[in-house]
Amino acid sequence: YICIYRSIVRYYKNKHVLITGGSGFVGRNFVETLLKHGAKIRVPIHKKKLPIKHKNLEKIYADLNNLDDCKKVCKNIDYIFHAAGMVSASKMTVKNPISAISLNLNLTLKIFEAAMIQNVKKVLVFSSATTGYPSYKFPVKETDMFKKHPPKIYFGYGWSRRYTELLGLFVSQKSKTKVAICRPTGVYGNYDDFNDKTSHVIPSLIKKAVLKKNPYIVWGSGKEIRDFIHVQDLVRGCLLLLQKKSDCDPINIGSGKKTSIKQLVKYILKHSGHKKCQMYYDKNMPTTIPVRIVNTNKAKNILKFKPKISLEEGIKNVIKWYKKSEKLF
């Protein structure tokens with residue numbers, strides 16, 4: 001692991017890196033990690049501020065819906081981590097919002113076009129292991145993506161993630177810009193979205209536990225199976241992916257482990273101290289697919305990537321961070 005870490009540091013040190021969505025959940029974790037590795041970071045700022053000051057951090061006001069702004073932020077950039085966009089959380093996904101699809105595709109198109117114009121060397125974009133694959137109950141491999149449609153509940157958003165991959169292939173064929181494609185599983189960690197209307201399952205359940213909600217209501221039966229990965233592990237996997245596999249060959253970045261929602265809830269209640277609540281699984285509330293697990297052998301073999309943070313350890317750390325950041329105690 002030490003050799004891999006040193007390789008990452010050497011690769012990114014003094015490189016000019018654009019991180020779109022740098023003030024958001026995943027993007028901010030990229031910013032903090034790459035600053036530690038000695039990279040020179042540029043972050044477009046639009047609606048959300050980034051409360052970080054560093055000699056190697058440049059913040060530029062830009063609307064990435066505007067091509068001229070995209071060309072401005074991509075100028076003299078070596079690498080791009082494209083983490084900007086609307087996340088289609090489960091509470092939104094059940095409604096299949098076209099707003100998330102149109103916004104994300106437009107931002108990605110503009111960034112790709114600007115990257116080609118400005119001769120950016122490499123771009124990493126995010127597809128989705130959660131929403132893009134068909135509804136299989138076995139660990140899905142990268143080659144399983146286009147065998148069937150995405151599940152009905154993910155149909156629009158899932159296909160938009162697939163189209164992002166095809167756009168990356170087009171860019172690589174029509175320019176010198178190389179493209180890396182990450183298919184992440186369920187990501188959680190510091191700076192996650194804890195908004196009641198848009199949050200994913202982990203921040204939603206953590207917030208209710210920290211606030212000592214009683215009864216403690218969980219959507220679904222609790223038997224749903226998911227693969228969760230801590231955002232710090234995701235970032236490390238993506239740094240390796242851009243470095244080693246920028247050839248439009250998608251790679252799953254996940255834990256490779258299956259976790260039931262019931263097990264997840266046990267971890268959250270244990271580490272939040274909310275142990276004596278009345279549990280209630282509401283099967284009448286909308287849920288997504290029953291099983292999503294991924295095969296991560298490709299990441300292990302090609303990138304030499306393995307997650308370091310266990311789910312229980314990650315949940316414990318996020319709860320500590322959330323309590324501190326929200327000043328609840």
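Colleague: Is helix H8 (residues 201-210) largely enclosed by the rest of the structure or largely exposed, and how many of its residues are buried?

Modeller: This is a predicted model. Within it, the buried residues of H8 include Ile 202, Pro 203, Leu 205 and Lys 207. Helix H8 has 10 residues and is largely enclosed by the rest of the structure, because the number of them that are buried is eight.

Colleague: Which residue with a positive phi follows H8?

Modeller: The buried residues of H8 include Ala 209 and Val 210. H8 is then followed by a residue whose phi is positive, near 60°, namely Lys 212.

Colleague: Is helix H3 parallel or oblique to helix H5?

Modeller: The axes of H3 (residues 67-74) and H5 (residues 98-117) come within 8 Å of each other and cross at roughly 50°. Angles from 35 to 65 degrees fall outside the parallel and perpendicular classes, so the relation of H3 to H5 is oblique.

Colleague: How do the residues of the contact of H3 with H5 divide into nonpolar, polar and charged?

Modeller: The crossing of the two helices is right-handed. H3 brings Leu 67, Cys 70, Lys 71 and Cys 74 to the contact, while H5 brings Lys 110, Ile 111, Glu 113, Ala 114, Ala 115 and Ile 117. By class, these residues are seven nonpolar, no polar and three charged.

Colleague: Which helix gives the most residues to the largest nonpolar core?

Modeller: That core has 39 residues, of which Phe 30, Leu 34, Ile 41 and Phe 81 touch the most other members. Leaving aside neighbours within four places in sequence, Phe 30 is in contact with Ile 19, Phe 81, Phe 126, Val 235, Cys 238 and Leu 239. With eight residues, the helix that gives the most to this core is H9 (residues 231-244).

Colleague: How many residues does the second, separate core have?

Modeller: In soluble globular proteins, nonpolar side chains tend to be buried together. The second core includes Ala 62, Leu 107, Ala 115 and Val 123. Its residues number 27.

Colleague: Is Ala 62 buried or exposed, and what is its relative accessible area?

Modeller: Ala 62 lies in the loop between strand S3 (57-61) and H3. Not counting residues up to four places away in sequence, Ala 62 touches Pro 44, Ile 45, His 46, Asp 69 and Val 73. A residue counts as buried under 20%, so Ala 62 is buried, its relative accessible area being 2%.

Colleague: How far apart in space are Ala 62 and Tyr 267, C-alpha to C-alpha?

Modeller: In sequence, Ala 62 and Tyr 267 are 205 residues apart. In space, the C-alpha to C-alpha distance between Ala 62 and Tyr 267 is 40 Å.

How values were computed
Residues numbered from 1 in each chain as written. Predicted model: local features only at pLDDT ≥ 70, side-chain atom pairs only at ≥ 80, totals over all residues. Heavy atoms only, no water. Axes fitted to C-alpha atoms, helices over the stretch in contact; angles between N-to-C directions. Helix = DSSP H or I, 4+ residues; strand = E, 2+ residues; numbered from the N terminus. Parallel < 35°, antiparallel > 145°, perpendicular 65-115°, else oblique. Left-handed = near helix turned anticlockwise from the far one by under 90°. Contact = heavy atoms within 4.5 Å. Nonpolar A, V, L, I, M, F, W, Y, C, P; charged D, E, K, R; others polar. Core = buried A, V, L, I, M, F, W, Y, C linked by side-chain atoms within 4.5 Å. Buried < 20%, exposed > 50% of the residue type's maximum accessible area, 1.4 Å probe, protein only.
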